[in-house]
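Here is a set of questions about the terms used for a protein model, each with an answer that sets a value against its cut-off. Please keep the structure open while reading.

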Amino acid sequence: MNLLLAEDDAILADALSAQLRQAGFEVEHAPNGAVAEYLLLKQPHDVAVLDLGLPLVDGLTVLKRVRAARPALPVLVLTALDSLDDRVAGLNAGADDYLTKPFDFPELEARLRALLRRTRPAGASAELGHLSFDRDTRRATVRGEPLELSPREWMLLDLLLAQRDKVVTKEQIQQAWALDRSEGGAAGANNSIEVYIHRLRRKLEQSGLAIRTVRGLGYLLEVEAAGGG
């Protein structure tokens, strides 16, 4: 499991990273909110542990932005903020779980594994139509043939699969792309989205899936009716 640990206390981060690795996680550490946001939007992590009191960009802001772009990503807030208002704010911002410091590592590990059990089937991999999609290996196939996707096409397909029963808005796509510089950053916003939707539609032609435009809202991934290609 690939885990992003966003924690600005270097001593705690080192100790926690070592314990998580012993528990079988691949750990990437972000020392501030800006780095955490960048990594969570750019890399295919399976779960995130997020402190709220992060420098540069606070944890709640990071959580809201990441949740909009990656709705299926499990996020556990780990913080010293323990008031009822703090917990409510964290959960309302999109946290899947909330654990306060000080804490016992076995409880943190148990909560992480519970989150992964609950979210992994829909988020980390998918079998839909003739498409197989695996975020762990960053591999997608259609009828057994590898599907070659650019970074932005991958992010777009990831979003569509994560919300396969919901509309993915242009705003969500823009946020997912905002920190990606591999294909020109966020320039060209709406026109760029339409171009990438067109490209992805062509690549999914033999998959039994269709990307439907929901006018004024965004895009919806659907399984085509029998005989629809």
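The questions and answers below go through the terms one by one.

Q: What kind of model is this, and how are its residues numbered?
A: This is a predicted model, in which local features need pLDDT of at least 70, side-chain atom pairs count only at pLDDT 80 or more, and totals for chains, interfaces and linings use all residues. Residues are numbered from 1 along each chain as its sequence is written, and side-chain values use heavy atoms, with hydrogens and water left out.

Q: How many helices and strands are there, and what makes a stretch count as one or the other?
A: The protein has 8 helices and 12 strands. Both are DSSP runs numbered from the N terminus, a helix being H or I over at least four residues and a strand being E over at least two. Strand β10, at residues 168–169, is one of these strands.

Q: How do you know which strands of the sheet with β10, β11 and β12 are at the edge?
A: Two strands pair if DSSP finds at least two bridges between them. The sheet is open, has 3 strands in the order β10-β12-β11, and is paired in the antiparallel sense. Strands β10 and β11 (209–214) each pair on one side only, and they are the edge strands.

Q: What makes β11 and β12 a pair?
A: Strand β11 and strand β12 (residues 218–223) are joined by 6 bridges in the antiparallel sense, and the definition asks for at least two. Within this pairing, Ala210 has Glu222 of β12 as its bridge partner.

Q: Which helix lies across this sheet, and at what angle to β12?
A: Helix α6 (residues 151–162) lies across β10, β11 and β12, and runs at about 70° to β12. The axes are lines fitted to C-alpha atoms, for helices over the stretch in contact (heavy atoms within 4.5 Å), and the angle, on a scale from 0 to 180 degrees, is taken between N-to-C directions.

Q: Why is the contact between Asp51 and Lys101 called a salt bridge?
A: The term asks for a side-chain nitrogen of Lys or Arg within 4 Å of a carboxyl oxygen of Asp or Glu. The closest N and O atoms of Asp51 and Lys101 are 3.7 Å apart, and the pair forms a salt bridge. Asp51 lies in the loop between β3 (47–50) and α3 (59–69), and Lys101 in the loop between β5 (97–100) and α5 (105–123), so the pair ties together parts that are 50 residues apart in sequence. Glu7 is linked with Asp51 and Lys101 in a network of salt bridges, and the structure holds 10 salt bridges.

Q: Is Asp51 buried or exposed, and how does Lys101 count?
A: Buried means under 20% relative accessible area and exposed over 50%, with partly exposed in between (1.4 Å probe, protein chains only). Asp51 has 5% relative accessibility and therefore counts as buried, whereas Lys101, at 21%, counts as partly exposed. Of the 229 residues of the protein, 45% count as buried.

Q: How do you know that Glu153 and Lys203 form a salt bridge?
A: Their closest N and O atoms are 2.7 Å apart, which is within the cut-off. Glu153 is in helix α6 and Lys203 in helix α8 (residues 189–203), 50 residues apart, and the pair links distant parts of the chain. Glu153, at 3% relative accessibility, counts as buried, while Lys203, at 33%, counts as partly exposed.

Q: What makes Arg212 and Glu222 a salt bridge?
A: Their side chains meet with an N to O distance of 3.0 Å. Arg212 lies in strand β11 and Glu222 in strand β12, so the pair ties together parts that are 10 residues apart in sequence. Arg212 counts as partly exposed at 38% relative accessibility, and Glu222 is partly exposed at 28%.

Q: Why is the aromatic pair of Phe133 and Trp154 called stacked?
A: Rings of Phe, Tyr and Trp (its six-membered ring) pair if their centres lie within 6.5 Å, and planes under 30 degrees apart count as stacked, over 60 as edge-to-face and the rest as tilted. The ring centres of Phe133 and Trp154 are 4.7 Å apart and their planes are at 25°, so the pair is stacked. Phe133 is in strand β7 (residues 131–134) and Trp154 in helix α6, 21 residues apart. Phe133 is buried at 3% relative accessible area, and Trp154 counts as buried at 6%.
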